[in-house]
Amino acid sequence: MHNTQNLGKKIRELRMNNNLTMEQLATRAKIHPTLLSKIENGSRKPSITVIRALSSELNLNETDINYLLSLISASTPFEQKLNNNSEGEEVKKSMDEFANKKNPIEVKVPDNLPVLYSDVAMVTSSPYGIVFDFAQNVGPTTTRNVVSRVGISVEHAKALLQVLSKKIVDAEKARTEKEKEDNIKANN
């Protein structure tokens, strides 16, 4: 089943749980009933704006909205497998291959791209995956502004955990080496 079909099935289920007809939901969301019909039967991929409008009328929480958005944003077969989770072993194999660098990819980061260090990192979970919210404190207040949100599937989160564990060990070793170098320089 493709993501547009999963999305349509989920929207239909949510609409029916809210005891709304297709016509009622379309009118409230300010979209044409034909468009809603095509979305629900999986023949049309809605825009983010349409997903947000439908979500608002269905009174969805942020987790459910993120899940619906993830269904329209997954574009590669690998991402689709992760979202559908219908081919678990193949997904795990793909994740392992990526972690073992059998299929390296090139990532280009512009030299002028600043690194944004965050004061606060919050992690929430749902049946659909993990959401990371990175925030910064606002002056001497208790207010925190979220500056970045990143959602990943559960499978990606598991792979990330493995990578983070290794990177933490590497960072601690590098810090220890730096402290040793600094001590040697201070004693000379």
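A residue counts as buried when its relative accessible area is under 20%, as exposed when that area is over 50%, and as partly exposed in between. The exercises below apply this to a predicted model.

**Exercise 1. Place Ala135 in the fold, and decide whether Ala135 is buried or exposed.**

Step 1. Begin with the whole chain, whose secondary structure comes to eight helices and three strands, arranged along the sequence in the pattern α-α-α-α-α-α-α-β-β-β-α.

Step 2. Within this pattern, Ala135 belongs to strand S2, which covers residues 129-137.

Step 3. The relative accessibility of Ala135 is 0%, and a value under 20% means buried, so Ala135 counts as buried. For the chain as a whole, 26% of the 188 residues fall in the buried class.

Step 4. Once residues up to four places away in sequence are set aside, Ala135 touches Ser118, Asp119, Val120, Met122, Arg144, Asn145, Val146 and Val147. The C-alpha atom of Tyr117, a residue 18 positions away along the chain, is separated from that of Ala135 by 9.1 Å.

**Exercise 2. Find which helices supply the largest nonpolar core, and which of them gives the largest share.**

Step 1. The largest nonpolar core has 22 residues, and those touching the most other members are Leu7, Ile11, Ile31, Leu36, Ile51, Leu54 and Leu68.

Step 2. At least two residues of this core come from each of helix H1 (3-17), helix H2 (22-29), helix H3 (33-40), helix H4 (48-57) and helix H5 (62-73). With six residues, H5 provides the largest share.

Step 3. Ile51 serves as an example: apart from neighbours within four places in sequence, Ile51 is in contact with Leu7, Ile11, Pro46, Leu68, Leu69 and Ile72.

**Exercise 3. Work out how Arg15 and Lys10 are classed by accessibility, and what each of them contacts or pairs with.**

Step 1. Arg15 lies in helix H1 and, with a relative accessible area of 8%, is buried. Beyond the residues within four places in sequence, the contacts of Arg15 are Leu20, Thr21, Met22, Leu25, Leu36, Glu40 and Leu58.

Step 2. Lys10 also counts as buried, at 19% relative accessibility, a value that meets the rule because the cut-off is under 20%.

Step 3. The side chain of Lys10 meets that of Glu13 in a salt bridge, at 3.4 Å from N to O. Both residues lie in helix H1 and are three residues apart, about one turn of the helix, and Glu13 is partly exposed at 38%.

**Exercise 4. Determine which salt bridge joins helix H5 to strand S3, and which residues make up the network around it.**

Step 1. Of the nine salt bridges in the structure, take the one between Glu62 and Arg149, where the closest N and O atoms are 3.6 Å apart. This pair links distant parts of the chain, since Glu62 is in helix H5 and Arg149 is in strand S3 (residues 144-152), 87 residues away.

Step 2. Both partners are partly exposed, Glu62 at 37% and Arg149 at 42%.

Step 3. For a pair within one helix, turn to Glu155 and Lys158, whose side chains meet at 3.8 Å, N to O. Being three residues apart in helix H8 (residues 154-187), these two are separated by about one helical turn.

Step 4. Returning to Glu62 and Arg149, salt bridges with shared partners join Arg52, Glu62, Asp133 and Arg149 into one network.

**Exercise 5. State what is notable about phi in Lys30 and Asn59, and where each residue lies.**

Step 1. The background is that most residues other than glycine have a negative phi.

Step 2. Lys30 has a positive phi, near 60 degrees, and is found in the loop between H2 and H3. Asn59, with phi near 55 degrees, is likewise positive, and its place is in the loop between H4 and H5.

Step 3. Lys30 is exposed, with a relative accessible area of 76%, and Asn59 counts as exposed at 63%.

**Exercise 6. Describe the geometry of the aromatic pair, and class its two members by accessibility.**

Step 1. The count comes to one aromatic pair, formed by Phe132 and Phe134, with 6.3 Å from centre to centre and 10 degrees between the planes.

Step 2. Planes under 30 degrees apart count as stacked, so this pair is stacked.

Step 3. Phe132 is buried at 17% relative accessibility, whereas Phe134 is partly exposed at 29%.

Note on methods:
Residues numbered from 1 in each chain as written. Predicted model: local features only at pLDDT ≥ 70, side-chain atom pairs only at ≥ 80, totals over all residues. Heavy atoms only, no water. Phe/Tyr/Trp six-rings, centres within 6.5 Å; stacked < 30°, edge-to-face > 60°. Buried < 20%, exposed > 50% of the residue type's maximum accessible area, 1.4 Å probe, protein only. Core = buried A, V, L, I, M, F, W, Y, C linked by side-chain atoms within 4.5 Å. Helix = DSSP H or I, 4+ residues; strand = E, 2+ residues; numbered from the N terminus. Contact = heavy atoms within 4.5 Å. Salt bridge = Lys/Arg side-chain N within 4 Å of Asp/Glu carboxyl O.
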